[in-house]
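Please open the model in your viewer and keep the sequence panel beside it, since each stop below begins with something to select.

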Amino acid sequence: MKCYSIANHALIPMSKITGWLTEVRANGNGVKIVPRVLFEGWSATDYQNLFKSSSKMKELAEYLAQRTVHHRLDGVVLEVWSQLQGSFRNELILLIELIGESLHQHALELILVIPSKLRGSLFTESDFSKLMRHVDTFSLMTYDYSRPGSPGPNSPVEWVEDCVVSLVPELSSPRSKILTGLNFYGYDFYSTEMEAILGNKYLELLSKHKPKMKWDNQCSEHHFQYKAGGTHHDVYFPSLKSIQTRLELAQELGTGISIWEIGQGLDYFFTLL
């Protein structure tokens, strides 16, 4: 009986995906392809039923590994920790350990997406230590700092550093397992709302309103203001200078980087990578 399945939400035929994988690998220098795996649509009851059965957890871990091998992928990016909001912590750690073991048996990688310090104590130094042997890298979501009604930076540098140091206080080899999050998108704040904007929208706003760009020394981000229909707007969007600052910080901290998301920013961002 088949208990688990993976949905292809992109609705792209596997034949085309396979061709794309071959093309990317042929043109990339050692590139690895590790797709995101989400537990979308799972209820608290679904998690409870999974966690109360060690055999079900092991079956899920083995299924993920089998499908990853079948599709000739190099591992998975597991996005599940934040969804549980700190519940079932011990059970979730066990599940991740099992998934890591199953993937590693096939020489595949496990990247775990983890929340930033902004989300309280959802992911702690203790959690990192327990999972370090089973997870290859941790993708740390060091972005989305500001909230609706409070215009501000997406990832102030001092906060980014604090997020990394809170997980691994000393500059040591475990830091190399962390991928510091680097956003390629920005936000347009107005009234009590905030709207995510990508590169094309950002260029449209610059062309239409011709705003004066400002640099915030405290958070190391560029931003500008404009008015539309009588409404005041504050826009924060990454720039070469802000990206360079964060790349230097990652190097100083001894971490890698994870970009959210390729294609969302401006083309010349890649000149720094």
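Which residues of H6 are buried? The model is a predicted one, and in it the buried residues of helix H6 are Val157, Trp159, Val160, Cys163, Val164 and Leu167. Select H6, residues 157-167, and you will find that this helix lies across E3, strand E4 (137-140) and strand E5 (178-183), running at about 160° to E5. If you then show the surroundings of the helix, the elements that cover its buried residues include E3, helix H5 (125-131), E4, E5 and helix H8 (240-253).

**The parallel sheet**

Next, select the strands in the order E1-E2-E3-E4-E5-E11, which together form an open sheet of six strands with parallel pairing. At its edges stand strand E1 (36-38) and E11, each of which pairs on one side only. Neighbouring strands of this sheet are turned by 30° against each other on average, when direction is ignored. For a detailed view, narrow the selection to strand E2 (residues 75-79) and E3, which pair in the parallel sense over four bridges; within this pair, Val76 has Leu110 of E3 as its bridge partner.

Follow E11 (256-260) to its end and continue into the segment after it, where Glu261 lies. Select Trp260 together with Glu261, and look at the peptide bond that leads from the former to the latter, for this bond is cis, with omega near 0°.

**Helices H3 and H4**

Now select helix H3 (residues 54-70) along with H4 (89-104). How far apart are the axes of H3 and H4, and at what angle do the helices pack? The axes are 8 Å apart and the angle is about 35°, and H3 passes H4 in a right-handed crossing. On the H3 side, show Met57, Lys58, Leu60, Ala61, Glu62, Leu64, Ala65 and Thr68, which meet Glu91, Leu94, Leu95, Leu98, Ile99, Ser102 and Leu103 of H4. Sorted by class, the residues in this contact are ten nonpolar, two polar and three charged.

Moving on from H4, select the loop that lies between this helix and strand E3 (109-114), where Ala107 is found. Ala107 has a phi near 60°, a positive value in a residue other than glycine. Is Ala107 buried or exposed? Ala107 counts as exposed because its relative accessibility is 70%, the cut-off for that class being over 50%.

**The nonpolar cores**

Return to the interior and select Leu78, Ile96, Leu112, Phe123 and Leu131, the residues with the most contacts inside the largest nonpolar core, which has 42 residues. The element that gives the most to this core is H4, with seven residues. Centre the view on Leu131: leaving aside neighbours within four places in sequence, Leu131 is in contact with Trp81, Ile93, Ile96, Glu97, Leu112, Phe123 and Phe138. Apart from the largest core lies another, of 13 residues, and you can locate this one by selecting Leu182, Phe224, Val235 and Phe269, which are among its members.

**The antiparallel sheet**

For the last part of the tour, select the five strands that form an open sheet in the order E7-E6-E10-E9-E8, where the pairing is antiparallel. E7 and strand E8 (214-216) stand at the edges with a single partner strand each, so one side of each is left without a neighbour in the sheet. From one strand to the next, the twist averages 30°. Select strand E9 (residues 221-228) and strand E10 (residues 231-236), which run antiparallel and are joined by six bridges; here Gln225 has Asp234 in E10 as its bridge partner. Add helix H7 (residues 199-209), which packs on the sheet and touches E6, E7, E9 and E10, its direction making about 55° with that of E9.

Staying in strand E9, select His223, which is buried, with a relative accessible area of 12%. Not counting residues up to four places away in sequence, His223 touches Lys212, Met213, Lys214, Asp216, Val235 and Tyr236.

Finally, go to the loop between strand E6 (186-190) and strand E7 (193-197) and select Ser191. Ser191 has a positive phi of about 50° although it is not a glycine, and at 57% relative accessibility Ser191 counts as exposed.

How values were computed
Residues are numbered from 1 along each chain as its sequence is written. This is a predicted model: local features need pLDDT of at least 70, side-chain atom pairs count only at pLDDT 80 or more; totals for chains, interfaces and linings use all residues. Side-chain values use heavy atoms; hydrogens and water are left out. Helices (H or I, at least four residues) and strands (E, at least two) are DSSP runs, numbered from the N terminus. Buried means under 20% relative accessible area, exposed over 50%, partly exposed in between (1.4 Å probe, protein chains only). Two strands pair if DSSP finds at least two bridges between them. Axes are lines fitted to C-alpha atoms, for helices over the stretch in contact, and angles run from 0 to 180 degrees between N-to-C directions. Contact means heavy atoms within 4.5 Å. A nonpolar core is a set of buried Ala, Val, Leu, Ile, Met, Phe, Trp, Tyr and Cys residues joined through side-chain atoms within 4.5 Å. A crossing is left-handed if the near helix is turned anticlockwise from the far one by less than a right angle, and right-handed if clockwise. Ala, Val, Leu, Ile, Met, Phe, Trp, Tyr, Cys and Pro count as nonpolar, Asp, Glu, Lys and Arg as charged, and the others, Gly among them, as polar.
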